[in-house]
Amino acid sequence: MIFDTHAHYDDEQFQEDRDALLEAMPSLGVGTIVNVSATYESCLHAVELAKKYPHVYAAVGIHPDEVGVLDEEKFAKMREFFKEDKVVAVGEIGLDYYWDNESHEVQRKWFVRQLELAKELNLPVVIHSRDAAADTMYVMENYAKDLEGVIHCYSYSKEMAEEYVRMGFYIGIGGVVTFKNSKKMKEVVGAVPLERILLETDCPYLAPEPFRGKRNQSSYLLYVAEQIAELKGISAEEVIATTEENARRMYRLDPV
């Protein structure tokens with residue numbers, strides 16, 4: 001079944017139908033979802049959703065655009081969530097220079113701190129990187145040794161993707177690969193072995209064709225799987241099965 005490795009069902013866009021949608025997911029072919037926190041407040045919401053639904057797990061971390069709220073007290077409180085059984089990763093964490101909501105120095109500080117936390121807890125990481133390719137790679141090479149995880153919503157070159165794969169990381173592929181103008185992402189999918197690809201929605205954002213511009217949700221990953229299958233010359237069923245195995249291996253969940 002489809003494994004959505006990166007979703008945000010705590011987002012307000014799901015306020016009206018969140019429960020109905022999550023309850024329906026197994027019947028829509030979605031077997032597992034990891035709900036990933038981004039803000040300090042969303043850490044709690046992600047954990048609550050994981051407790052409520054057997055097929056939902058949580059990742060706890062602070063997005064680079066939100067790390068300005070962190071201090072030692074809040075960081076210590078955030079650590080408490082990792083005592084929960086269904087928290088399976090540290091994320092999403094990283095660097096984002098697109099909006100410049102936080103200084104690059106502050107982003108790098110808390111990125112490194114959260115990588116160190118993942119090492120301490122022996123958990124995989126969910127990495128966000130936007131318009132920060134060189135700095136992200138530098139931090140990963142120097143502070144993420146012996147860690148595993150995924151480069152979420154990957155948007156850089158196929159050569160850099162291949163380097164991350166050599167470092168032992170997975171590449172997160174979502175709706176963008178279905179866009180007509182996504183030549184670079186199609187090249188990335190062609191270059192990266194299927195055994196190193198994960199399916200992700202980043203919902204409610206980045207819905208694939210034919211839903212582009214609308215609210216995204218996990219069952220739409222079928223369209224992503226079909227596009228990857230076309231690029232790889234294999235079946236969508238093989239893409240779904242292999243990426244599910246990949247995700248369970250990375251998140252250290254029991255095989256199906």
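Me: Let me check a term before we begin: an axis is a line fitted to C-alpha atoms, for helices over the stretch in contact, and angles between N-to-C directions run from 0 to 180 degrees. With that in hand, at how many degrees do the axes of helix α5 and helix α6 cross?

Reply: That's the term you need, and keep in mind that this is a predicted model. In general, two packed helices are described by the angle between their axes and the distance between the axes. Here, α5 covers residues 133-143 and α6 covers residues 158-166. Their axes come within 12 Å and cross at roughly 10 degrees. Angles under 35 degrees count as roughly parallel, so α5 and α6 are roughly parallel to each other.

Me: Which residues in α5 meet α6?

Reply: On the α5 side you'll find Ala133, Thr136, Met137, Met140 and Glu141. They meet Met160, Glu163 and Tyr164 in α6. By type, the residues of this contact split into five nonpolar, one polar and two charged.

Me: Now the sheet. What is the order of the strands, and how do they pair?

Reply: The general idea is that strands of a sheet pair through backbone hydrogen bonds, either parallel or antiparallel. In this model there is an open sheet of eight strands with parallel pairing, and its order is β1-β2-β3-β4-β5-β6-β7-β8. At the edges are β1 (2-7) and β8, each pairing on one side only. From one strand to the next, the twist averages 30 degrees.

Me: Let's walk across. How many bridges do β1 and β2 have?

Reply: Four, in the parallel sense, with β2 covering residues 30-36. To find the pair by eye, look for Ile2, which stands opposite Val30 in β2. Helix α2 (residues 40-52) packs on the sheet and touches β2, β3 (56-60) and β4. The direction of α2 makes about 160 degrees with that of β3. 

Me: Further along, how many bridges join β4 to β5?

Reply: Five, and the two strands run parallel, with β4 covering residues 87-96. Asp96 stands opposite Arg130 in β5. Between these strands the chain crosses through helix α4 (residues 104-121), and this β-α-β crossover is right-handed.

Me: Why is β5 largely enclosed?

Reply: Buried means under 20% relative accessible area. Strand β5 (residues 125-130) has six residues, and five of them are buried, so the rest of the structure largely encloses the strand. On to its partner β6: three bridges join β5 to β6, again running parallel. Ile127 has Ile151 in β6 as its bridge partner. With α5 included, β5 and β6 make a right-handed β-α-β unit.

Me: And β7, which residues are on its two sides?

Reply: Tyr170 and Gly172 are on one side of β7 (residues 170-173), with Ile171 and Ile173 on the other. These residues are all buried, and both faces of the strand are covered. β6 (residues 149-151) pairs with β7 in the parallel sense over two bridges, and Val150 has Tyr170 as its bridge partner. The chain gets from β6 to β7 through α6 in a right-handed β-α-β crossover. Then β7 pairs with β8 (residues 197-199), parallel again, over three bridges. There, Ile173 stands opposite Leu199. Helix α7 (residues 183-191) joins β7 and β8 in a right-handed β-α-β unit.

Me: Now the backbone details. Which peptide bond is cis in the Gly91 region?

Reply: The one from Gly91 to Glu92, with omega near 5 degrees. Glu92 is found in strand β4. There's a cis peptide bond from Cys203 to Pro204 as well, with omega near 20 degrees. Pro204 has its place in the loop between β8 and α8 (221-232).

Me: What value does phi of Asn122 have?

Reply: It is near 55 degrees, a positive value in a residue other than glycine. Asn122 is in the loop between α4 and β5. Over 50% relative accessible area counts as exposed, and Asn122 has 53%, so it is exposed.

Me: And where does Cys153 lie?

Reply: In the loop between β6 and α6. Cys153 also has a positive phi, near 50 degrees, in a residue other than glycine. Its relative accessibility is 26%, so Cys153 counts as partly exposed.

Notes. Residues numbered from 1 in each chain as written. Predicted model: local features only at pLDDT ≥ 70, side-chain atom pairs only at ≥ 80, totals over all residues. Heavy atoms only, no water. Parallel < 35°, antiparallel > 145°, perpendicular 65-115°, else oblique. Contact = heavy atoms within 4.5 Å. Nonpolar A, V, L, I, M, F, W, Y, C, P; charged D, E, K, R; others polar. Buried < 20%, exposed > 50% of the residue type's maximum accessible area, 1.4 Å probe, protein only. Pairing = 2+ DSSP bridges. Right-handed = clockwise from strand over helix to strand, strands pointing away.
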